[in-house]
Amino acid sequence: MSSDFYCDEVLSGKTEVTKVVETENVLAYYHTKPSYPVHIVTIPKKHISSLLTLEDSDNELLLELMHVVKTVAAKVTEENGACRVITNLGDYQDSKHLHWHVISGKLLNS
Ligand SMILES: [Zn+2]
């Protein structure tokens, strides 16, 4: 398994995804292996390892990223009544490319 699914598979185009929102620097799409009934992932197109490695020079990108997360979260909340917005760090973070999960519903059996 790759440690950067987003650069290696999604942004390279190797793995096709169903887009939810796309801006110049940010992509939100339906998770290819959803853990929840609604599971959308939002990533910066530029490689950033995690929330902890963001730098001041990323501020503009961060704003664009969070705007997309907000748009997705608003849509999911409107359609499902609730959602969670999560970014994982350390051992919880499988793919070392900053990504935000927007999820709704109960954890699916895998
Ligand atoms: Zn990456």
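Visitor: Why does the arrangement of the four donor atoms around the zinc ion count as it does?
Guide: In this predicted model, the four donor atoms around the zinc ion subtend angles of 94 to 129°. Four donors are classed by the rule that all angles must lie between 85 and 135 degrees. The angles at the zinc ion therefore make the arrangement tetrahedral.

Visitor: Which residues coordinate the zinc ion?
Guide: The donors follow the spacing D-x2-C-x39-H-x49-H along the chain. They coordinate the zinc ion at 2.0 to 2.2 Å. The residues, with their donor atoms, are Asp4 (OD), Cys7 (SG), His47 (ND1) and His97 (ND1).

Visitor: How many residues apart in sequence are the parts that aspartate 4 and histidine 97 tie together?
Guide: Aspartate 4 lies in the segment before α1 (5-11). Histidine 97 lies in the loop between β4 (84-86) and β5 (100-104). The pair therefore ties together parts whose separation in sequence is 93 residues.

Visitor: Is histidine 97 buried or exposed?
Guide: Histidine 97 has a relative accessible area of 0%. Buried means under 20% relative accessible area. Histidine 97 is therefore buried.

Visitor: Which residues form an aromatic pair, and what is its geometry?
Guide: A search of the whole structure finds one aromatic pair. Its members are phenylalanine 5 and tyrosine 6, at 5.7 Å centre to centre. With 90° between the planes, the pair of phenylalanine 5 and tyrosine 6 is edge-to-face.

Visitor: Does tyrosine 6 count as buried or exposed?
Guide: Phenylalanine 5 has 23% relative accessibility and counts as partly exposed. Tyrosine 6 has 5% relative accessibility, and the cut-off for buried is under 20%. Tyrosine 6 therefore counts as buried.

Technical notes:
Residues are numbered from 1 along each chain as its sequence is written. This is a predicted model: local features need pLDDT of at least 70, side-chain atom pairs count only at pLDDT 80 or more; totals for chains, interfaces and linings use all residues. Side-chain values use heavy atoms; hydrogens and water are left out. Donors are N, O and S atoms within 2.8 Å of the metal (3.2 Å for Na, K and Ca); water is not among the atoms, so sites may look incomplete. Four donors count as tetrahedral if all angles lie between 85 and 135 degrees; four count as square planar and six as octahedral if opposite donors are over 155 degrees apart and all others between 65 and 115; anything else is irregular. Helices (H or I, at least four residues) and strands (E, at least two) are DSSP runs, numbered from the N terminus. Buried means under 20% relative accessible area, exposed over 50%, partly exposed in between (1.4 Å probe, protein chains only). Rings of Phe, Tyr and Trp (its six-membered ring) pair if their centres lie within 6.5 Å; planes under 30 degrees apart count as stacked, over 60 as edge-to-face and the rest as tilted.
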